[in-house]
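Please open the model in your viewer and keep the sequence panel beside it. The stops below are given in the order in which they may be selected.

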Amino acid sequence: MVFSLAAALMALAALVVLFVYQRFGEMLKHTGKLGGPPAYPIIGSGLLFLNKSPAEFLRIIGDLLKRYGDCFRVWLGTQLAIVIVDPKDIEVLLSSPKYIDKSTEYDFIRPWLGEGLLTSRGRKWHTHRKVITPTFHFKILEQFVEIFDRQSTTFVKMLQPLAESGKSFDIFPQVTLCALDVICESAMGTKVNAQINSTSNYVLAVKEITNLIQLRFYDFLIRYDIFFRLSANCRKQRKVLKILHDYTDSVVKGRRQQLEAKSNIEETEEGSDQDLGIKKRMAFLDMLLQATIDGRPLTDLEIREEVDTFMFEGHDTTTSAISFLLLSLAKNPDVQHKVFDEVQTVVGYDRTRPVTMAMLNDMSYLDLVIKETLRLYPSVPLIGRKMIQTTEINGKIFPAGANLIIMPFFLGRDARYFPDPERFDPERFNVERSAEKTNPYQYIPFSAGPRNCIGQKFAVAELKSLVSKVLRHYEILPPADKQDESFIAELILRPEHGVFVRLKPRVY
């Protein structure tokens, strides 16, 4: 009896060892050559992050970079992450069409975005990217400038009481609502009026889903699907996703019916856009409804996935960029003064004059300020890729199944690439000085290569429109009490304690 029990235990142990070897043998074989913190069975290096706040993540990674260099491994439980900040390695990874699969962290947003452009892979990603790219042609972007300008006007009105009070306040929440208004109208052609009605079901659902996604980044257990499905967060997510998907589905269905009705009218009589209240300016959704792949139109599900992806990518990322841009102007009054002078030169003294795409293109100094802001505060602080097969890059072997984490946040603050990195200096991006950089992959706030940010021009135009409008109405001042900077790095960079500024009505 004792012998048979011992034999059974030995057999079980052998099976466990065999499973571990088959599952992790390739990873363990190669990662031993990479430096990194101690790792233990099951929990990996999880103790490093145990009981730590999300804001401590970047500090811990920064300490590990100093200790282990530009490439090291971290075991998050049984998930292998390899952190990379060497521009030469990053160039190989991002420039190649072979390494386009996103890392495990992107799985957390699949329930919302499905297989949209951000999360899809293989042929689906390639065909959808090809279809969507023309959507961001500069002639089409001109159609969105009107939305930027109108929502920016609402934004400055909502700030007026805060400016008149003269008190410090967190501008991040109001920027979030403005960005949501912009992207809803640009993506779906609908107005949610988030700045005026911040308690609508859809607005609250967007806020809730982003919070739920963030929690999965740092909660050791619910990173695993099996534990997430048993959690209260999973039940909350299902309810929130129903609100989000039902809203997008209804908009897609309604817009498809409108366009079909319009098409039928034009076949029988001379109709016009005004007959159905359809404006000539098309939303992102309209372009998807008219697009085809392999001769067939996109399904409603495919369209919903791309619209939701555009909503996510064009909402949170722009919120981060705008907020940190306003903060940078508050902290650097000389830079702010130069931007204001440029805006006045381009737009004039009439505060109500709408800006055009041509005007935004003429704001060249503001371009430099945006680039410098994104160097210090990249909206996407980390970029993840998953290795599908074991690969050697510049003498380093990255095993199949590993998550490769690229860190634009640390690249932009590295003195080897950006001398005096803590100093806010937009001129470092002027043509003469930027040409001195040895590797363009030292600066990748919009990623790079085949999976670079498809909406980069859209985002920069929105930033310019809103910030130029704010500067025409207010002087941006730092908060009365000095705030310590600390950040939360998720799929976007967030301030831990908000972005506090003061506003002073501008007189001229």
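Begin by selecting I82 in this predicted model, and then add L404 of β9, which is the bridge partner of I82. Widening the selection to residues 79-84 and residues 403-406 shows the two strands concerned, β2 and β9, which run parallel and are joined by 4 bridges.

Next, bring in the rest of the sheet, which is open and made of 4 strands in the order β1-β2-β9-β6, with mixed pairing. At its edges are β1 (71-76) and β6 (383-386), each of which pairs on one side only. If you look along the sheet, the twist from one strand to the next averages 25°.

With the strands still displayed, select residues 56-68, which make up helix α2; this helix lies across β1 and β2 and runs at about 130° to β1. Then select residues 87-95 to see helix α3, which also packs on the sheet, where it touches β2, β6 and β9, and whose direction makes about 115° with that of β9.

Move now to helix α5, residues 122-132, and show the side chains of W125, T127, H128, R129 and I132, which are buried. To see what surrounds the buried residues of α5, add α11 (284-290), β4 (292-293) and α12 (300-331), against which they pack.

For a stop on the surface, select F220, L221, I226, F227 and L230, which together form a nonpolar patch with about 500 Å² of accessible area. Within this group, L221 can be found in the loop between α8 (201-218) and α9 (225-228). Is L221 buried or partly exposed? Its relative accessible area is 45%, and L221 is therefore classed as partly exposed, since that class lies between the limits of 20% and 50%.

The last stops concern the backbone at two asparagines. Select N193, in the loop between α7 (172-188) and α8, and check its phi, which is positive at about 50° although the residue is not a glycine. N193 counts as partly exposed because its relative accessibility is 38%.

Then go to N394, which sits in the loop between β7 (391-393) and β8 (396-398). Here phi is near 50°, again a positive value in a residue other than glycine. With a relative accessible area of 47%, N394 is partly exposed.

Definitions and conventions: Residues are numbered from 1 along each chain as its sequence is written. This is a predicted model: local features need pLDDT of at least 70, side-chain atom pairs count only at pLDDT 80 or more; totals for chains, interfaces and linings use all residues. Side-chain values use heavy atoms; hydrogens and water are left out. Patches are made of residues with over 30% relative accessible area and no salt bridge: like charges are joined within 9 Å, nonpolar side chains (Val, Leu, Ile, Met, Phe, Trp, Tyr) within 5 Å. Accessible areas come from the Shrake-Rupley method with a 1.4 Å probe; for residues, only the protein chains shown count as cover. A salt bridge is a side-chain nitrogen of Lys or Arg within 4 Å of a carboxyl oxygen of Asp or Glu. Buried means under 20% relative accessible area, exposed over 50%, partly exposed in between (1.4 Å probe, protein chains only). Two strands pair if DSSP finds at least two bridges between them. Axes are lines fitted to C-alpha atoms, for helices over the stretch in contact, and angles run from 0 to 180 degrees between N-to-C directions. Contact means heavy atoms within 4.5 Å.
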